[in-house]
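Please open the model in your viewer and keep the selection tool at hand. We will go from one selection to the next, with a short comment at each stop.

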Amino acid sequence: MKFTPEKYKIEDRSQEVFIDEGEIWEILNNARPDKQKVRDIISKSLSKSRLSLYDTAVLLKSEDPDLVEEIKEGARKLKEQVYGKRIVLFAPLYVGNYCINNCRYCGFRSTNKSQLRTTLTVEELINQVEALEDAGHKRLILVYGEHPRYNADFIYETVKIVYNVKKWRGEIRRVNINAAPLDIDGFRRVKEAGIGTYQIFQETYHKETYNYFHPSGPKKYFDWRLTALDRAQEAGIDDVGIGALFGLYDWRFEVMGLLRHVNHLEAVYNVGPHTISFPRLQNASGIERNRLMPVSDDEFIRMVAILRLAVPYTGLILTAREPAHIRNQLLTFGVSQIDGGTNIEIGGYTRDNNGQNLDLEQFEINDNRPLSDVIDELIRQGLLPSFCTSCYRTGRTGEHFMEFSVPGFIKRFCQPNAILTLAEYLEDYAPADVKEKGYQLIDKEIRQMDNENFKQNLLQKLELIKSGKRDLYY
Ligand code: SAM
Ligand code: SF4
């Protein structure tokens with residue numbers, strides 16, 4: 001994929017602010033959608049080109065229901081052509097909810113006295129990871145409040161502990177992080193622990209809104225947060241995730257901000273973010289509701305379709321903040337990763353309560369289904385659940401990852417690795433009915449493969465898995 005830089009008012013330089021609000025509004029205000037233009041832009045995306053800020057603005061400004069339908073249809077087509085059937089599964093694991101910031105939308109905010117503050121002890125952390133392994137998880141994202149006790153060394157230690165927990169055939173093969181921004185040395189330390197993705201959400205790319213929602217604590221510095229992933233890259237972390245919290249400011253502006261962030265990382269580091277997240281604001285204890293700009297279901301669905309077209313090759317993450325019916329719809333637009341069996345209460349994976357105690361969690365979630373139910377439903381929809389962690393363990397990250405043409409890459413690596421990791425899950429953790437349906441799906445996928453040698457090789461690996469061998473991948 002070739003990156004063609006656009007001419008921006010602010011030049012892209014490492015660790016320098018790259019958002020110009022005036023510019024984003026100018027592009028949005030000048031975008032005039034018409035049928036032909038929208039169709040041309042959709043075709044551009046389907047022919048594997050990333051969209052410019054202007055192209056994206058045209059899609060964002062399209063209100064005509066017929067055009068909106070064409071945009072959604074474009075996203076569906078793109079998903080089919082590029083992504084195939086695989087959906088990567090992970091679980092979030094909250095390590096601690098102490099926080100010195102006061103984000104007005106978050107249950108962990110420092111002034112929320114009803115939040116029960118706690119940090120998992122080593123033993124509790126191990127218990128949580130064992131419970132997640134018992135459910136079949138292989139990929140976790142560790143989440144932390146912002147507090148001096150959750151410094152780079154602490155993050156390093158907790159990641160190391162998680163990697164060392166092995167229960168029966170269970171193990172966590174990829175630990176991602178969502179935590180406060182660090183300095184370059186801090187990012188270096190965390191990298192040493194062998195993390196997968198470092199994820200930080202800007203929350204809002206609109207500075208005045210940012211200042212309002214983050215009145216105190218280190219998070220009040222917009223620029224420090226905006227340049228966090230530059231420092232991560234400088235420290236050698238080339239696998240990063242960006243995101244915006246939808247519901248704080250105009251959703252169209254935030255999509256433009258996300259895209260400008262992608263362009264910045266590509267311009268400076270030659271590699272865009274591995275993933276984009278688009279959490280939508282949920283209820284939380286202590287939340288302040290004035291000045292929120294809620295995004296409706298229709299707008300949210302449109303937004304994800306536009307994001308898919310704008311960055312055809314970037315992973316999109318959708319979490320259990322959204323209810324199952326919205327998640328199912330959005331899977332058809334090329335969301336590539338979802339969480340399953342999620343419980344965001346601190347210590348919640350070993351509690352038998354279906355996880356909704358707002359005083360122990362950051363916000364309310366809307367999809368409480370156990371992992372086995374999520375997998376069952378994916379299989380019923382003909383989608384292929386995957387626990388693959390192959391890329392980062394074989395060095396296919398950052399620029400090396402970008403070298404592959406995505407559709408060919410998915411066929412060669414992602415699809416077969418999804419089959420292998422699903423087979424492990426079916427052997428070790430699935431209820432009998434899910435196991436049966438899962439193997440039917442695997443058989444169907446393999447029958448459709450056209451390379452006979454590759455097919456035979458995959459079938460041999462599957463036999464090895466059935467006889468007890470684990471962790472086979474391409
Ligand atoms: N404390 C770190 C930070 O702020 O960067 C870690 C992230 S926080 C634990 C994870 C993310 O949850 C935040 O970046 C924010 O986007 C999201 N979040 C916070 N409050 C939320 C709410 N009420 N509804 C939905 N998402 C929320
Ligand atoms: Fe703390 Fe993060 Fe919540 Fe803000 S979003 S209060 S920094 S945990």
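The tour starts with the domains and then turns to the two ligands. Keep in mind that this is a predicted model.

**Stop 1: the domains.** Colour residues 81–403 as domain 1 and residues 410–466 as domain 2. Over C-alpha atoms, the centres of these two domains are 28 Å apart. Now show the contacts between them: 28 residues on the domain 1 side meet 20 residues of domain 2.

**Stop 2: ligand 1.** Select ligand 1 and the shell around it, which holds 21 residues. Tyr105, Glu203, Lys219, Arg225 and Gln282 are the closest of them. Coloured by class, this shell shows eleven nonpolar, six charged and four polar residues. If you display cavities, you will find ligand 1 in the largest one.

**Stop 3: polar contacts of ligand 1.** Which atoms should you pick for a distance label? Here are three pairs to try:

- The side chain of Arg225 places an N or O atom 2.6 Å from an oxygen atom of ligand 1.
- Gln282 has a polar backbone atom 2.9 Å from a nitrogen atom of the ligand.
- At Tyr144, a backbone N or O atom is 3.1 Å from a ligand 1 nitrogen atom.

Next, switch on a surface: on its own, ligand 1 has 570 Å² of accessible area, and the protein covers 97% of that.

**Stop 4: ligand 2.** Move the selection to ligand 2, and show Cys99, Asn101, Cys103, Cys106, Phe108, Arg109, Gly145, Lys219 and Gln362 around it. This shell consists of four nonpolar, three polar and two charged residues. Where does ligand 2 sit? Ligand 2 is found in the largest cavity.

**Last stop: Lys219.** Finish by centring on Lys219, which is among the closest residues to ligand 1 and also belongs to the surroundings of ligand 2.

Technical notes:
Residues numbered from 1 in each chain as written. Chains lettered and ligands numbered in written order. Predicted model: local features only at pLDDT ≥ 70, side-chain atom pairs only at ≥ 80, totals over all residues. Heavy atoms only, no water. Near = heavy atom within 4 Å. Polar contact = N/O pair within 3.5 Å; in protein donor to acceptor, adjacent residues only side chain to side chain. Areas by Shrake-Rupley, 256 points an atom, 1.4 Å probe, with all protein chains shown as cover. 1 Å grid on protein atoms, 1.4 Å probe; cavity = no way out; pocket = protein on both sides within 12 Å on 5 of 7 lines; lining within 4 Å. Sits in = over half its atoms within 2 Å of the grid points. Nonpolar A, V, L, I, M, F, W, Y, C, P; charged D, E, K, R; others polar. Domains from an automatic or database assignment. Contact = heavy atoms within 4.5 Å.
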